[in-house]
Amino acid sequence: LAGLLLGGHPLVGLSGQLVPASRAAALVAASWATQLPPMLGFCLLAVAVSVVTRSSILGIGAPVLLGLLMQLTTLLDLPAVVRESLLSTPFAGWHGFWTSPDFVDPFWHGLITSTVWGVVSLVVASAVFLRRTVRVS
């Protein structure tokens, strides 16, 4: 918003091209929006860990540690299928918006990955929760 108010100077994209200010504002908004699916995936993972372990502390800490392990795993020379299946990978999906020509495949792969992680986490959490006996006093 400050960039729009202070001037309409173009930005330099990731491949060195000049991006007009109006297009850059849309790309910034789209880049921020690409972060929502993996964040929701991590939130649903936190819910699943919290329900399975009955510990809200583990529900907070385990996704953080798993995210760190996923980031460290990306440094290893593993097949692309393994790297793309990690929940931390979709956070880099915005890079393709800022290149010329743009490519959106990493965003779509990240969206699918985040959806799968979220659905699996939600199914696990609901299955564990529904099997519990809840005592009402």
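**Stop 1: the main core.** Start by selecting Phe-42, Leu-45, Val-49, Ala-62, Met-70, Leu-86 and Leu-87: these seven residues make up the largest nonpolar core. Keep in mind as you click around that this is a predicted model. Now colour two helices, α3 (36-53) and α4 (56-74); each of them supplies at least two residues of this core. Which helix gives the largest share of the core? That's α3, with three residues.

**Stop 2: Leu-87.** Stay with one member of that core, Leu-87, and show what surrounds it. Leaving aside neighbours within four places in sequence, Leu-87 is in contact with Pro-38, Gly-41, Phe-42, Met-70, Ser-114 and Trp-117. Two of those names, Phe-42 and Met-70, belong to the core you just selected. There's also a second, separate core to look for: it has six residues, including Leu-27, Phe-97, Trp-98 and Phe-107. We'll come back to Phe-97 and Trp-98 at a later stop.

**Stop 3: Ser-114.** Next, pick Ser-114, one of the contacts of Leu-87. You'll find Ser-114 in helix α6, which runs over residues 105-131. Is Ser-114 buried or exposed? It's buried, because its relative accessible area is 4%, and the cut-off for buried is under 20%. Turn on side chains and look for the backbone oxygen of Gly-110: it lies 2.8 Å from a polar atom of the Ser-114 side chain. Then show the residues that Ser-114 touches, not counting those up to four places away in sequence: Pro-37, Pro-38, Gly-41, Leu-87 and Pro-90.

**Stop 4: Ser-31.** Here's another serine to select. Ser-31 sits in helix α2, residues 21-33. With 10% relative accessibility, Ser-31 counts as buried too. What does the side chain of Ser-31 join up with? Look at Trp-98: a polar contact of 2.8 Å links the two side chains. Not counting residues up to four places away in sequence, Ser-31 touches Trp-94, Phe-97 and Trp-98. Phe-97 and Trp-98 should ring a bell, as both are in that second core.

**Stop 5: out to the surface.** Finally, select Leu-65, Leu-66, Leu-68, Leu-69, Leu-72 and Leu-75 and switch on the surface view. These leucines form a nonpolar patch on the surface, and together they have about 610 Å² of accessible area. Click on Leu-66, which lies in helix α4. Why does Leu-66 count as partly exposed? Its relative accessibility is 33%, so it falls between the 20% and 50% cut-offs.

Methods:
Residues numbered from 1 in each chain as written. Predicted model: local features only at pLDDT ≥ 70, side-chain atom pairs only at ≥ 80, totals over all residues. Heavy atoms only, no water. Helix = DSSP H or I, 4+ residues; strand = E, 2+ residues; numbered from the N terminus. Buried < 20%, exposed > 50% of the residue type's maximum accessible area, 1.4 Å probe, protein only. Polar contact = N/O pair within 3.5 Å; in protein donor to acceptor, adjacent residues only side chain to side chain. Contact = heavy atoms within 4.5 Å. Core = buried A, V, L, I, M, F, W, Y, C linked by side-chain atoms within 4.5 Å. Patch = residues over 30% accessible without salt bridge, like charges linked within 9 Å, V, L, I, M, F, W, Y side chains within 5 Å. Areas by Shrake-Rupley, 256 points an atom, 1.4 Å probe, with all protein chains shown as cover. Salt bridge = Lys/Arg side-chain N within 4 Å of Asp/Glu carboxyl O.
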